[in-house]
Amino acid sequence: MLSRWTLGCVCTAFVSLVTGCNYGGETTVIVQPPPAEAAPTAVKKRSYISGEKKVCVYSRMGTEEQIVISATDICPLKMK
């Protein structure tokens, strides 16, 4: 969602590029919202083989998360 801010002059795309603003009206400026905060990165704690798969265990702010990959692959050091 975009926020709208009002300034003390009127601008069209062309007029603002060439001369700035026409005085006497208002300008609407559209402001992008800040980006959403990303989740903290999970850091690898350990890995183990289970059958033909490898289980990679990660810690993210005190909680454990797991991904399962091929036993021949290498676990990434960090996970988003």
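How many of the 80 residues of the chain, as a percentage, count as buried? The figure is 16%, where buried is under 20% relative accessible area, exposed is over 50% and partly exposed falls in between (1.4 Å probe, protein chains only).

**View 1. The whole chain, a predicted model with one helix and six strands.** Going from the N terminus, the elements run β-α-β-β-β-β-β; helices (H or I, at least four residues) and strands (E, at least two) are DSSP runs, numbered from the N terminus. This is a predicted model, in which local features need pLDDT of at least 70, side-chain atom pairs count only at pLDDT 80 or more, and totals for chains, interfaces and linings use all residues. Residues are numbered from 1 along each chain as its sequence is written, and side-chain values use heavy atoms, with hydrogens and water left out. About 6,500 Å² of the chain is exposed, with carbon and sulfur atoms supplying 59% of it (Shrake-Rupley method, 1.4 Å probe; for residues, only the protein chains shown count as cover).

**View 2. Confidence along the chain, with an average pLDDT of 79.** pLDDT is the predictor's confidence in each residue, from 0 to 100, and 69% of the residues score at least 70. Residues 1-11 have a pLDDT below 50, yet this stretch has 38 contacts in the model beyond near neighbours in sequence; a contact means heavy atoms within 4.5 Å. Residues 14-18 are also below 50, with three such contacts. Among contacts in the chain between residues at least 6 apart in sequence, 20% join residues at least 24 apart.

**View 3. An open sheet of four strands, in the order S5-S4-S3-S6.** The pairing is antiparallel, and two strands count as paired if DSSP finds at least two bridges between them. S5 (63-70) and S6 (78-79) sit at the edges with a single partner strand each, so one side of each has no neighbour in the sheet. Further in, S3 (residues 42-50) pairs with S4 (residues 53-60) over seven bridges, while S4 and S5 pair over eight. Take Val57 in S4 as a landmark: Arg46 stands opposite Val57, and in S5 the bridge partner of Val57 is Gln66. As a reminder for reading this view, side chains in a regular strand alternate between the two faces of the sheet.

**View 4. Met61 in the loop between S4 and S5.** The hairpin here has two residues between the strands. Met61 has a phi near 50°, a positive value in a residue other than glycine. Is Met61 buried or exposed? At 73% relative accessibility, Met61 counts as exposed.

**View 5. The disulfide of Cys56 and Cys75.** A search of the whole structure finds one disulfide, meaning a pair of cysteine sulfur atoms within 2.5 Å. The sulfur atoms of Cys56 and Cys75 are 1.9 Å apart, and the link is left-handed, with -80° about the S-S bond. Cys56 lies in strand S4 and Cys75 in the loop between S5 and S6, so the pair ties together parts that are 19 residues apart in sequence. Both cysteines, Cys56 and Cys75, are buried.

**View 6. The largest nonpolar core, six residues.** Its members are Ala42, Cys56, Tyr58, Ile69, Cys75 and Met79. A core here is a set of buried Ala, Val, Leu, Ile, Met, Phe, Trp, Tyr and Cys residues joined through side-chain atoms within 4.5 Å. Leaving out residues up to four places away in sequence, Cys56 touches Arg46, Ser47, Glu65, Gln66, Ile67, Ile69 and Cys75.
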